[in-house]
Amino acid sequence: MKKVAKKITEKYVTEKTFEKHMGSIARSFAKVEESLENINKTLVVQQGVLQTMIKEMKNFREDNKYTRSTLSDFTGDVSSHDRKIDNLTMRVERLESKSR
């Protein structure tokens with residue numbers, strides 16, 4: 001077997017080939033840019049939703065704080081009224097026992 005060196009022909013990039021490939025590259029960049037714009041729009045919508053959620057959570061927190069303070073006031077009022085009723089009950093019992 002005789003080894004034969006293959007003749008390599010040099011190829012040059014022609015203007016037509018260069019423009020064809022640059023067009024392909026430009027289209028791929030346009031697709032990437034379009035997908036990034038879609039992602040950006042989605043992120044803006046999600047950011048708005050998150051801001052609304054945070055606002056609502058703060059409102060819930062304030063409502064709960066108000067409810068807790070109101071309930072603690074009622075609890076204090078109820079316990080003071082219970083003490084007064086117990087005190088009056090004891091006084092009535094003493095008066096009844098004295099009257100017999």
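**Exercise 1. Work out how many salt bridges the structure holds, and which residues form them.**

Solution. Start with the count: this predicted model holds one salt bridge. Next, find the partners: Lys-65 pairs with Glu-62, and their closest N and O atoms sit 3.9 Å apart. Check that against the cut-off, which asks for a side-chain nitrogen within 4 Å of a carboxyl oxygen. Now look at where the two residues lie: they are three residues apart in helix H1, so about one helical turn separates them. Finally, ask how open they are to the outside. Lys-65 has a relative accessible area of 43%, so it goes down as partly exposed. Glu-62 comes in at 42%, which makes it partly exposed too.

**Exercise 2. Describe the overall build of the chain: what helices and strands does it have, and how spread out is it?**

Solution. First, the elements: there's one helix and zero strands. Then take the radius of gyration, 43 Å; the globule rule gives 13 Å for 100 residues, so the chain is more spread out than a compact globule. The box around the C-alpha atoms tells you about its extent: roughly 140 × 40 × 10 Å along the principal axes. For a feel of distance inside the chain, pick Leu-43 and Arg-94: they're 51 residues apart in sequence, and their C-alpha atoms are 76 Å apart in space.

**Exercise 3. Find out what share of the residues is buried, and what the exposed surface is made of.**

Solution. Begin with burial: of the 100 residues, 0% count as buried. Leu-43 makes a handy example. It's found in helix H1, and its relative accessible area is 47%. Partly exposed covers the range between 20% and 50%, so Leu-43 is partly exposed. Now turn to the surface as a whole: the chain exposes about 10,400 Å², with carbon and sulfur atoms supplying 60% of that.

**Exercise 4. Locate a nonpolar surface patch and name the residues that make it.**

Solution. The residues to pick out are Val-13, Phe-18, Met-22, Ile-25 and Phe-29, and together they make a patch of about 520 Å². Zoom in on Phe-18, which is found in helix H1, spanning residues 15-99. Its relative accessibility is 48%, so Phe-18 counts as partly exposed.

**Exercise 5. Compare where the positive and negative charges sit on average.**

Solution. Count each kind: the chain has 21 positive and 15 negative charges. Then take the mean position of each group; the two means are 12 Å apart.

Technical notes
Residues numbered from 1 in each chain as written. Predicted model: local features only at pLDDT ≥ 70, side-chain atom pairs only at ≥ 80, totals over all residues. Heavy atoms only, no water. Helix = DSSP H or I, 4+ residues; strand = E, 2+ residues; numbered from the N terminus. Rg over C-alpha atoms; globule rule 2.2 N^0.38 Å. Buried < 20%, exposed > 50% of the residue type's maximum accessible area, 1.4 Å probe, protein only. Areas by Shrake-Rupley, 256 points an atom, 1.4 Å probe, with all protein chains shown as cover. Lys, Arg positive; Asp, Glu negative; His and termini not counted. Charge placed at Lys NZ, Arg CZ, Asp CG, Glu CD. Patch = residues over 30% accessible without salt bridge, like charges linked within 9 Å, V, L, I, M, F, W, Y side chains within 5 Å.
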